[in-house]
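Biologist: I am new to this structure and should like to be guided through its helices and its less usual backbone features. May we look at it together?

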Amino acid sequence: MKIKTYIFALLAIVLLGCSKDDKSVEIQTGSIVLEIAFKDGSGPIFDAIVSIETISQQKVTGVDGLVTFENVEIGNYEVSVSVPFNDIVTKGNVVVEVGKTTNGVILIDHPNVVTPEKIDIDKLLNICYQSLVSDNIFGANGYAAYWGDVGVDVLMSNTNFNFPTRKLDTYDYSSTDKIIEDIWTNHYQVIRKTNIGIEAIETSEYVTELNTDENIAKAEFSFLRALTYFNLVKLFGNPVLVISTEIPSDNTSVVQDPLKVYEVIESDLIFAESNLRQSNVKNRASVSAAQALLGKVYLQMAGFPLLQSDKYLKALEQFNKLEGLYELETNYGDIFDSDKTANSSEVIFSIDFTIPNDPNLKSWDWFYWGPLEVTERDFFLLAPNFIKGYFKNPNDLDNPVSFPLNIEDNRFFENIASFTIQNNASVNAEDTANWRPYKFSENYQEGKSFQLPYLRYADILLMIAETENAINGGPTSKAYDAINKVRRRAFGNTTNDVTPGLNQQDFLDVLFKERLLELCFEGHRKDDLIRIQKLESVIENHNASNSQNMKNYQSYKHILPIPELEINLNSGVFQNPGY
């Protein structure tokens, strides 16, 4: 079989990428439509990556070779185009005028790069890992910013700005919103690449310049496919299951069943665990990464909506395999320090935001975090109740706030900027409305590449506590020990330990507050609340005390709608109830 241009049937004509965030209606903007095609006239190029770095946008061409950038501020821009399975970058220039659409064509010299005789699995694996940093996966508009920490009790939308993720925070979205389409299609683009790699290995139609063991490569592709499907099944509830590059012959072959999706995730991770190597390289799949992710998957299956309580024991079995291999960093802030993450004793798997080929470029992917007057896009405010979680005495938050702050929990100072920057100097912010999310921000301000921790041992310890509490009908000594390891790092002492004697529900309440304070801005909060069926009550409490930032939540909105464009493309795809 000669491997030709792969077309993912269900998403074949959907353009990928993120739309420009509109800072305000006053900004003058236009649009760009680019066609990427072969210079010899042999046709458009599918799956080319088109980047405009100065405005932090990247998109991928559909089968028509087109990409569209909307709401781009007026100006002159350099566009970079890279094509699949080739390292050559082609550049072009476009001019954006007010209220107009600039149409352009960028021609590529190399007609054979999309249709190689055999897939280079080393290059394809690198492409798959790099794809994780795309917006709407783990990038600037990534999982934490559009799902995990918005729409709950952590981050709130700044009403002074109009940007796509605001609808997701307030639950005022629909199946026709472009951000819903982008989330869907960006994930499926990664899945399509992993399917290409797995099939190339299974048919022996691949090459490897690095002499990569084919089982290890297949295990890495499987891990990445499982990771991506895990996102999709939590986000959409009923994603379309595609584990082949073949185009379905009819609509009846569409598989849209969360149980079957979880079966594939489980199978992929079991294969990954059996075939990967143990490694200290954080930004590549390893045995421990597969074990940690599989445990996390089992824990999610044990809760809502599947409620498969037998999975608690399976989750615990996976987590126990990690004991003795990892330990908490002494200093909480070191986990998120770009100079230390790669060698962290706590990080199990991270998303690599290393900027390729040019260390002088800024890593823009987390520029939503940082003190007021520093963040490039001040889109997110902090929910008041989240801030209060770090204070023993809520009266310490009466405005104006008195400094120095009376806080024992050291995580506060890493997670929250209680200051603003004025004339390049730090100034205490006496109004908590001016406090901002701070985790990761130093990496952005200093223009550093960095690795975003996705799986780390503190999360594992807290999940061990959760599974022990569920399996045994209440907290065990192991559960207390696990949560208190995390708290002792946070407070620097044992006087703030959780005291034994709690019942099952009380321990769960304490545990999930701990997860909130420890893992904030890392994208876990909404999944946690859905799993223990607390999302609706948390939103009700939020709305009761935040009349200016209400959330229009109904119970069916614990998952997103299937994009209408996908349903229009394939009548075999059904919409989620309520939408």
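Modeller: Certainly; a definition is needed for what follows. Axes are lines fitted to C-alpha atoms, for helices over the stretch in contact, and angles run from 0 to 180 degrees between N-to-C directions. Please bear in mind that this is a predicted model.

Biologist: How far apart are the end C-alpha atoms of helix α12, and what span should its 15 residues have?

Modeller: Helix α12 covers residues 457–471, and the calculation takes 1.5 Å a residue. The expected span is 1.5 Å times one less than the number of residues. For the 15 residues of α12 this gives 21 Å, which agrees with the distance between its end C-alpha atoms, 21 Å.

Biologist: Is α12 largely enclosed or largely open?

Modeller: A residue counts as buried under 20% relative accessible area. In α12, 13 of the 15 residues are buried, so the rest of the structure leaves this helix largely enclosed.

Biologist: How is α12 oriented relative to helix α14?

Modeller: Helix α14 comprises residues 504–519, and its axis lies 10 Å from that of α12, at an angle of about 170°. Angles over 145 degrees count as roughly antiparallel. Therefore α12 is, relative to α14, roughly antiparallel.

Biologist: Which classes of residue make up the contact of α12 with α14?

Modeller: The α12 side includes L462, M463 and E466, while the α14 side includes F507, L511 and R515. By class, the contact holds two polar, five charged and ten nonpolar residues.

Biologist: How are helices α1 and α4 oriented to each other?

Modeller: Helix α1 (residues 121–131) and helix α4 (residues 178–202) have axes that come within 10 Å and cross at roughly 160°. With the cut-off for antiparallel at over 145 degrees, the pair α1 and α4 is therefore roughly antiparallel.

Biologist: Which peptide bonds are cis in the loop between α9 and α10?

Modeller: Most peptide bonds are trans. P400 lies in the loop between α9 and α10, and P404 is also placed in that loop. Omega is about -5° for the bond joining N399 and P400, and near 5° for the bond from F403 to P404. The cis bonds are thus N399 to P400 and F403 to P404.

Biologist: F521 has a positive phi although it is not a glycine; is F521 buried or exposed?

Modeller: Most residues other than glycine have a negative phi. F521, in the loop between α14 and α15, has a phi of about 70°. Its relative accessibility is 0%, so F521 counts as buried.

Key
Residues numbered from 1 in each chain as written. Predicted model: local features only at pLDDT ≥ 70, side-chain atom pairs only at ≥ 80, totals over all residues. Heavy atoms only, no water. Helix = DSSP H or I, 4+ residues; strand = E, 2+ residues; numbered from the N terminus. Buried < 20%, exposed > 50% of the residue type's maximum accessible area, 1.4 Å probe, protein only. Parallel < 35°, antiparallel > 145°, perpendicular 65-115°, else oblique. Contact = heavy atoms within 4.5 Å. Nonpolar A, V, L, I, M, F, W, Y, C, P; charged D, E, K, R; others polar.
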